[in-house]
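Trainee: I should like to understand how descriptive words are justified for a protein model. May we take one example and reason through it together?

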Amino acid sequence: MRISCTVNGEPQQADDVWEGESLLYLLRERLGFPGSKNACEQGECGSCTVYLDGVLACACLIAAGQAQGRDVRTVEGLADGDGLAAIQQAFLDAGAVQCGFCTPGLLVAAHDLIARHAVPADAEIREALAGNLCRCTGYEKILEGVRLAAARRTAQSGSPS
Ligand code: FES
Ligand code: FES
């Protein structure tokens, strides 16, 4: 079947998509968006987290056909032109990236969190990222990355609005 959808603001189309194919496979193998990672393919690790119509979803659990006519935003779509998104820069500066396998999903989930909560409490950060597993960083640097992004945004805006 043919799938047409929008990915990171651009129209995309793929032909000969199998009914059992996942959105993650569609993105990575057919449409050229390898940022979302395939670590478990069972909805357990969060490495494949994307926005689907603005709502977080595990792309490995979504059938490719479900993306028909919808809007997908991947980790590649977080960046602002050639510059990194604030959350991406904060992860780098906090040392929250080691092997990087979990990083795309964590970035999308953290991006969503700080869009909803300008200054998230630690409990809110932990809850928002609870579905994203990391085997490298021990999570403290990841939490620090989210705190840093929130603090920088507050400093820029002059208030924690
Ligand atoms: S690859 Fe989708 S949740 Fe792990
Ligand atoms: S940085 Fe390696 S799994 Fe998270």
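Trainee: Which residues does Phe 91 touch, leaving out residues up to four places away in sequence?

Mentor: In this predicted model, Phe 91 touches Ala 96, Val 97, Thr 103, Leu 106, Leu 107, Ala 110, Ile 142, Gly 145 and Val 146. Each is called a contact because heavy atoms lie within 4.5 Å.

Trainee: What makes a group of residues a nonpolar core, and which members of the largest one touch the most others?

Mentor: The name applies to buried residues of certain kinds, such as Phe, Leu, Ile and Val, joined through side-chain atoms within 4.5 Å. The largest such core has 24 residues, and Leu 78, Ile 87, Phe 91, Leu 129, Ile 142 and Val 146 touch the most other members. Helices α2 (86–94), α3 (103–116) and α5 (140–157) each give two or more residues to this core. The largest share, seven residues, comes from α3. A second, separate core has 21 residues, including Val 7, Val 17, Leu 31 and Leu 52.

Trainee: Why might nonpolar side chains be found together?

Mentor: As a general tendency, nonpolar side chains are buried together in soluble globular proteins.

Trainee: Why is Asn 132 called buried?

Mentor: Its relative accessibility is 5%, and the word requires a value under 20%. Asn 132 therefore counts as buried. This residue is found in the loop between α4 (122–128) and α5. Beyond its neighbours within four places in sequence, Asn 132 is in contact with Cys 45, Gly 46, Thr 49, Gly 105, Leu 106, Ala 109 and Tyr 139.

Trainee: Is Ser 36 buried or exposed, and how do you know?

Mentor: Ser 36 has a relative accessible area of 1%, which is set against the same cut-off of under 20%. It is therefore buried. Ser 36 lies in the loop between α1 (23–30) and β3 (49–52). Among its contacts, with neighbours within four places in sequence left aside, are Leu 24, Arg 28, Val 50 and Pro 104.

Trainee: What makes Glu 10 partly exposed?

Mentor: Partly exposed covers the range between under 20% and over 50%. Glu 10 has a relative accessibility of 49%, so it counts as partly exposed. Its place is in strand β2, residues 10–14. Glu 10 and Asp 71 are 61 residues apart in sequence, yet their C-alpha atoms are 9.2 Å apart in space.

Trainee: What is notable about phi of Glu 41 and of Asp 53?

Mentor: Phi of Glu 41 is near 60°, a positive value in a residue other than glycine. Phi of Asp 53 is near 50°, which is also positive. As a general matter, most residues other than glycine have a negative phi. Glu 41 is placed in the loop between α1 and β3, and Asp 53 in the loop between β3 and β4 (55–58).

Trainee: How many helices and strands has the protein chain, and why is it called as compact as a globular protein of its length?

Mentor: There are five helices and five strands, and from the N terminus they run β-β-α-β-β-β-α-α-α-α. The radius of gyration is 16 Å, close to the 15 Å given by the globule rule for 161 residues, so the chain is as compact as a globular protein of that length. Buried residues make up 42% of the 161 residues.

Note on methods:
Residues are numbered from 1 along each chain as its sequence is written. Chains are lettered from A and ligands numbered from 1 in the order in which they are written. This is a predicted model: local features need pLDDT of at least 70, side-chain atom pairs count only at pLDDT 80 or more; totals for chains, interfaces and linings use all residues. Side-chain values use heavy atoms; hydrogens and water are left out. Buried means under 20% relative accessible area, exposed over 50%, partly exposed in between (1.4 Å probe, protein chains only). Helices (H or I, at least four residues) and strands (E, at least two) are DSSP runs, numbered from the N terminus. The radius of gyration is taken over C-alpha atoms; the globule rule is 2.2 Å times the number of residues to the power 0.38.
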